[in-house]
Amino acid sequence: MANLKDIRDRISSVKNTRKITEAMRLVAAAKVRRAQEQVLRSRPFADRLARVLENLQSHMGSGESESPLLQLRDVANITLMAVTGDRGLCGGYNANIIKRTEQRVAQLKAKGFNVDLVLIGRKAITYFQNRAHLYSIRATFTGLEQVPNADEAGKIANEILAEFLSGSTDRVEIIFTKFINLVSSSPVAQTLLPLDPQGIASPDDEIFRLTTRDGRLGVELGKRANPQPALKPDFVFEQSPDQLLDVLLPLYLQNQLLRSLQEAAASELASRMTAMNNASENAKDLAKKLTLDYNKARQAAITQEILEVVGGSAAMN
């Protein structure tokens, strides 16, 4: 039977670990709410921008735009952006993105494309830098806010935009984790450049809303329409549509990237919250088992002492 002091020490250690994991779960839950609030704050600008772009499209015939961000090219070089976190303790969040990135690189190389990587997050950077002989890394970004903001998205967007306009890459894809609910997320790949002029307005746009019922966190997902009113058909632009597109499309690209980063951040926080909740439950179960083992060991020790006293008394008689 294990030593009673060792069991007591282990019970104390497990309980302390549970306090830490429970605190981390609560922190992650609060930050998921913050991610939701930030998405909501960015919605009005994104909706108004989409409306303006829709109106510009209505003033232009098919194929009239000469904006380089809309021009399809013969693809030879492709840049993949992989979005992971800077920290672990979030289940399979980082590993799933890394695995999806490796699979996508293999698929593209098998088709004869040259592929390089733009890595966001310390976990992806560490993994692929350790395999630099297999992968070409174009740029890395780390140290982002837990919930990314427009300034950070702008810096990354400017980097990939410069590479695309210079012709060093013909296509840019981003691999990130799409937020589904608090216990489920899915790695997805999305094309950032060139922009699809027909895909500016997304009727299937979704937004997540955190709710609290009976003291438990939940999430609601719903399709939403653009609440911004459509521009009048006789709306007159002072500049030509091409000039306006050259200004607005980089903003649209930045907004798309920001949304992807925010969804990835929400997914990471939800994964961490779930992982810490599971760790807390496992610690609770382990503490119960150890307490039962301690009681059994203590009872066995008491019984042994009684037997020794009785045996000693009988020997004296």
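# Briefing: elements, crossovers and aromatic contacts

From the N terminus on, the elements of the protein follow the order α-β-α-β-α-β-α-β-β-β-β-α. The model described here is predicted. In total, the protein has 5 helices and 7 strands. Of its 317 residues, 39% are buried. The points below follow the chain through strands β1, β2 and β3, and then turn to helix α2 and to the aromatic side chains.

**Strands β1 and β2**

- Strand β1 spans residues 77–83 and is mostly covered, since 6 of its 7 residues are buried.
- Strand β2, residues 114–120, runs parallel to β1, and 7 bridges join the two strands.
- Two of the residue pairs show how these strands line up: I78 has V115 in β2 as its bridge partner, and M81 has V118 in β2.
- Between these strands the chain passes through helix α2, and the resulting β-α-β crossover from β1 to β2 is right-handed.
- In β2, 6 of the 7 residues are buried, so this strand is largely enclosed by the rest of the structure.

**Strands β2 and β3**

- Strand β3 covers residues 136–141 and pairs with β2 in the parallel sense over 5 bridges.
- V118, the bridge partner of M81, also stands opposite A139 in β3.
- The chain goes from β2 through helix α3, residues 122–129, to β3, and this β-α-β crossover is right-handed.

**Helix α2**

- Helix α2 comprises residues 93–110, which makes 18 residues.
- From its first C-alpha to its last, α2 reaches 26 Å, close to the 26 Å expected at 1.5 Å a residue.
- The buried residues of α2 are Y93, N94, I97, I98, T101, V105 and L108.
- Seen down the axis of α2, these buried residues fall within an arc of 125°, so they line one face of the helix.
- A general property of helices helps in reading such a pattern: an α-helix has 3.6 residues a turn, so residues three or four places apart point the same way.
- The face of α2 turned away from the buried side carries the exposed residues K99 and A110.
- Just after α2, G112 adopts a positive phi of about 95°.

**Two residues of α2 in detail**

- Y93 belongs to helix α2.
- The relative accessible area of Y93 is 4%, and Y93 is therefore buried, as the limit for this class is under 20%.
- Y93 and E268 are 175 residues apart in sequence, but their C-alpha atoms are 6.3 Å apart in space.
- A95 is also found in α2.
- At 47% relative accessibility, A95 counts as partly exposed, because this value lies between the 20% limit for buried and the 50% limit for exposed.
- The C-alpha atoms of A95 and Y127 are separated by 9.8 Å, while the two residues are 32 residues apart along the chain.

**Aromatic pairs**

- The count of aromatic pairs comes to 2.
- In one of them, Y127 and F128 meet edge-to-face, with 5.2 Å centre to centre and 85° between the planes.
- F128 and Y135 also form an edge-to-face pair, with 5.0 Å centre to centre and 85° between the planes.
- Y127, F128 and Y135 together form one aromatic cluster.
- F128 has a relative accessibility of 0% and therefore counts as buried.
- Y135 is buried as well, with a relative accessible area of 14%.

**Charged groups over rings**

- The charged end of R131 sits over the ring of Y127, 3.7 Å from its centre.
- Y127 thus has two kinds of contact, because its ring also pairs with that of F128.
- The charged end of R73 sits over the ring of F164, 3.8 Å from the centre of that ring.

Terms used
Residues numbered from 1 in each chain as written. Predicted model: local features only at pLDDT ≥ 70, side-chain atom pairs only at ≥ 80, totals over all residues. Heavy atoms only, no water. Helix = DSSP H or I, 4+ residues; strand = E, 2+ residues; numbered from the N terminus. Expected span 1.5 Å × (residues − 1). Buried < 20%, exposed > 50% of the residue type's maximum accessible area, 1.4 Å probe, protein only. Arc of directions from axis to C-beta. Phe/Tyr/Trp six-rings, centres within 6.5 Å; stacked < 30°, edge-to-face > 60°. Lys NZ or Arg CZ within 6 Å of the ring centre and 35° of its normal. Pairing = 2+ DSSP bridges. Right-handed = clockwise from strand over helix to strand, strands pointing away.
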